[in-house]
Amino acid sequence: MHLKYESFIREPLVDGDKTYHQVSEDIISPIERKPGRMWYVGFVFSLILLGYGLFSVTWAVYWGLGTWGVNRTIGWGWDITNFVWWIGIGHAGTLISAILLLFRQGWRTGVNRAAEAMTIFAVMCAGQFPIFHMGRVWDGFWVLPLPNTRGTLWPNFDSPLLWDVFAISTYFTVSLLFWYSGLVPDFALIRDRATTKFRKMAYGLASFGWTGTAKSWQRAEALWLVLAGLSTPLVLSVHTIVSFDFATSVIPGWHTTIFPPYFVAGAVFSGFAMVNTLLVLTRKILHLEEYITTGHLEAMNKIILLTGSIVGVAYITELFIAWYSQSWGEQAAFKWRIMGPYWWSYWAMMTCNVVSPQLFWVKKLRRNVPFTFVMSIVVNIGMWFERFVIIVTSTYRDWIPGSWSYYSPTWPEVGFYLGTFGLFFTCYFLFAKYFPVVAVHEIKFVLKTSGDNYKRSMEKLETQSEDEFIHIATTHHDDDHVLEGAGAHH
Amino acid sequence: MAIKKFAVAAYDDEEVLFPAVKKVRKNGYKIHDIYTPFAVHGLDEAMGLKGTDLHIAGFIYGLCGTSTAVGFISWIFTSDWPIIYGGKPHFALPAWIPITFELTVLFAAVGMTLTFCYLNQIMPGVKKHVFHPRQSDDLFVMAIEINNHTPENEVMAFLKATGAKETSVQMAEEGWWYGRWDKKEAYEALNAG
């Protein structure tokens, strides 16, 4: 009898009758098989998108940013919109892997690996936009504080744009370390199971020679806990700093103190939507429904509902403050957002982000997989429009009516955006094929507490009194250590 | 680094493993190591291992990051090339908080991860002996070194009595080495001889 006891009110995190070996089998065997047709179709399609993106970017670099639709009034168009959108998407991965670890949320184990992978790929995509927005991209290294022959002339450490450089590169590095250090034990599992010479060698390299000694697990847990503790303020700082790009300026519509929390909530909101998009497909294609359960999707939908509501409150607060401030510039900016020439983007944002997530109050809809999938896409469309609204509709009518302008993207801008989808999904398809999509060792860790079959075997305890429970526990074991783990002494 | 002889016992359940560890230690055997497929909580204490100080190293790395950022930026902006940006003073500490924070996190995370790899002696290309191919799958594998103090017959009989699912005697390199993973043949020859 296993003595870790979890309430029956909590639904199992792993469905079906699983043993440790079955968990390895279910998650690792797709890596050892040849991928299915769907995988090839998706992968080739992603490569085509990536190729088109490369072409569009090359075009823009060769001919200059005049090929984009941005102009002197609207300097940040699709490009920075996409940057903020992608970086926001990344935040869900860190929230799941770090914040939910600190909050001891067991359900994160089923989804953290894929969500962290998504974070890393999303940050890679996001990084492309500010880099190519520089125009003379070959001078991009000027953002780094490197000694040079012009003085040395240093970058401006007081500028939010430079803070972004540090925030995003740190975020990428730390996320990568966190993700990879969790992958090492799972790579060791693939290595030890490997039947072909090549696989043994490749995963041998990737697993760093991990053997899973007691001391190394102890250190790994210390490492993960501290990395989680570091990532939590880090992820909040990243989108805070992104919001500073806007909030520290004097543009009406940008110059607001509400931006940092509002951006972070929006980032988590869109990130969870993207996690749902990916996981609904992944669990279906790789047959991982027993590990990424409807309960997992429901938990994420609840977070979407919460953050969507926070975002909604933020939108309304902005409107209220524009009126309350009695600043005509602010009032005009918001009036034109709502009913200027870009009214459609504002209302698309409002519908997708504020109205539609409220449907998740209904439990049936939260647990409905196709509905979750559709909603995840709706939310991401809405969050893209949010960034578009903030960037374009705050700048297109500036202080001088003579320079008022309108902006539409050109094909290299659209191609660039599509190209980052290509990059994202190329990486994700490779990840789904060669990496364990679910953290095997973490699932094994929670299996005996939260696995369906183990929970069922505990059913008889529900009818027992506390004294009876302790009595049975002590007669079955002479080992007081296991008892301490169960808290039966208290 | 040396090749040594080990008595190896594989358990298929933590609940057999924990009493076994206790018995092994009570009888005065020294556990070389225990290999588990996931982090088994309490195993380190049961084996008598001390806690890790990795987080203290992390804290020190973090402090290095903080002082690097503050030191470097204040040197640049107050002495090397002072420029007034946006009416801020040269020593504009609040404006440096974001970069200082990021470098603190970066140094702590990178430093800790490298220390983690160093302490565990892991890096790409490093190989270590795997006592049981299922030690990363579903078995908990205990290895005890066989030497003059722990004779083979005695320790093997003892391990079998602790409820081990499988037991074996293996010649194995106790440290790590560089090279190809498939040293299998070499080991088989070694164990046969």
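This is a tour of a predicted model, going from chain A to the contact between the chains and then to the sheet of chain B.

**Stop 1: the domains of chain A**

Colour chain A by its domain assignment, which gives domain 1 as 20-144 + 154-457 and domain 2 as 458-490. Taken over C-alpha atoms, the centres of domain 1 of chain A and domain 2 of chain A are separated by 44 Å.

**Stop 2: helix α15 of chain A**

Select residues 440-450 of chain A, which form α15. Is this helix mostly covered or mostly open? α15(A) is mostly covered, with 10 of its 11 residues buried. The buried residues are V440(A), H441(A), E442(A), I443(A), K444(A), F445(A), V446(A), L447(A), K448(A) and S450(A). To see what lies over them, add α1, α4 (108-133), α5 and α16 (452-457) of chain A, which are included in the cover.

**Stop 3: three loops of chain A**

Three backbone features in loops come next. As background, most residues other than glycine have a negative phi, and most peptide bonds are trans.

- Go to R104(A), in the loop between α3 (78-102) and α4 of chain A. R104(A) is not a glycine, yet its phi is positive, at about 55 degrees. Because R104(A) has 7 C-beta neighbours inside 10 Å, it counts as exposed.
- Move to the loop between α4 and α5 of chain A, where T152(A) is placed. The peptide bond joining G151(A) and T152(A) is cis, with omega about 10 degrees.
- Continue to F208(A), in the loop between α6 and α7 of chain A. F208(A) is not a glycine either, and has a positive phi of about 60 degrees. Is F208(A) buried or exposed? F208(A) has 23 C-beta neighbours inside 10 Å and therefore counts as buried.

**Stop 4: the contact between the chains**

Show both chains and select the residues where they touch: 59 residues from chain A and 64 residues from chain B. On the side of chain A that touches chain B, at least two residues each come from α1 (20-32), α5 (160-193), α6 (197-206), α7, α15 (440-450) and α18 (480-486) of chain A. Which element supplies the largest share of that side? α7(A) does, with 16 residues. By class, the side of chain A that touches chain B has 28 nonpolar, 20 polar and 11 charged residues.

**Stop 5: α7 of chain A against α3 of chain B**

Keep helix α7 (residues 214-247) of chain A and add helix α3 (residues 54-80) of chain B. The two helices pack at an angle of about 40 degrees, and their axes are 9 Å apart. The crossing of α7(A) and α3(B) is right-handed. Show side chains for R219(A), A222(A), L223(A) and V226(A) in α7(A), which meet L54(B), H55(B) and G58(B) in α3(B). By class, the contact of α7(A) with α3(B) has 4 nonpolar, 2 polar and 1 charged residues. The spacing along a helix is worth recalling here: an α-helix has 3.6 residues a turn, so residues three or four places apart point the same way.

**Stop 6: the sheet of chain B**

Hide chain A and show the strands of chain B. An open sheet is formed by 4 strands in the order β2-β4-β1-β5 (chain B), with antiparallel pairing. Its edge strands are β2 and β5 (166-173) of chain B, and each of these pairs on one side only. From one strand to the next, the twist averages 25 degrees.

Next select strand β4 (residues 140-145) of chain B, where 5 of the 6 residues are buried, so the strand is largely enclosed by the rest of the structure. Strand β1 (residues 3-11) of chain B pairs with β4(B) in the antiparallel sense over 6 bridges. Within β4(B), V141(B) is the bridge partner of A10(B), and M142(B) stands opposite A9(B). Strand β2 (residues 31-35) of chain B also pairs with β4(B) in the antiparallel sense, over 4 bridges. On that side, A143(B) in β4(B) is the bridge partner of D33(B).

**Stop 7: the helix across the sheet**

Finish by adding helix α1 (residues 14-26) of chain B. This helix lies across β1, β2 and β4 of chain B, and runs at about 135 degrees to β1(B).

Methods
Residues numbered from 1 in each chain as written. Chains lettered and ligands numbered in written order. Predicted model: local features only at pLDDT ≥ 70, side-chain atom pairs only at ≥ 80, totals over all residues. Domains from an automatic or database assignment. Axes fitted to C-alpha atoms, helices over the stretch in contact; angles between N-to-C directions. Left-handed = near helix turned anticlockwise from the far one by under 90°. Contact = placed C-beta atoms within 7 Å. Nonpolar A, V, L, I, M, F, W, Y, C, P; charged D, E, K, R; others polar. Buried ≥ 20, exposed ≤ 12 C-beta atoms within 10 Å, placed from the backbone. Pairing = 2+ DSSP bridges.
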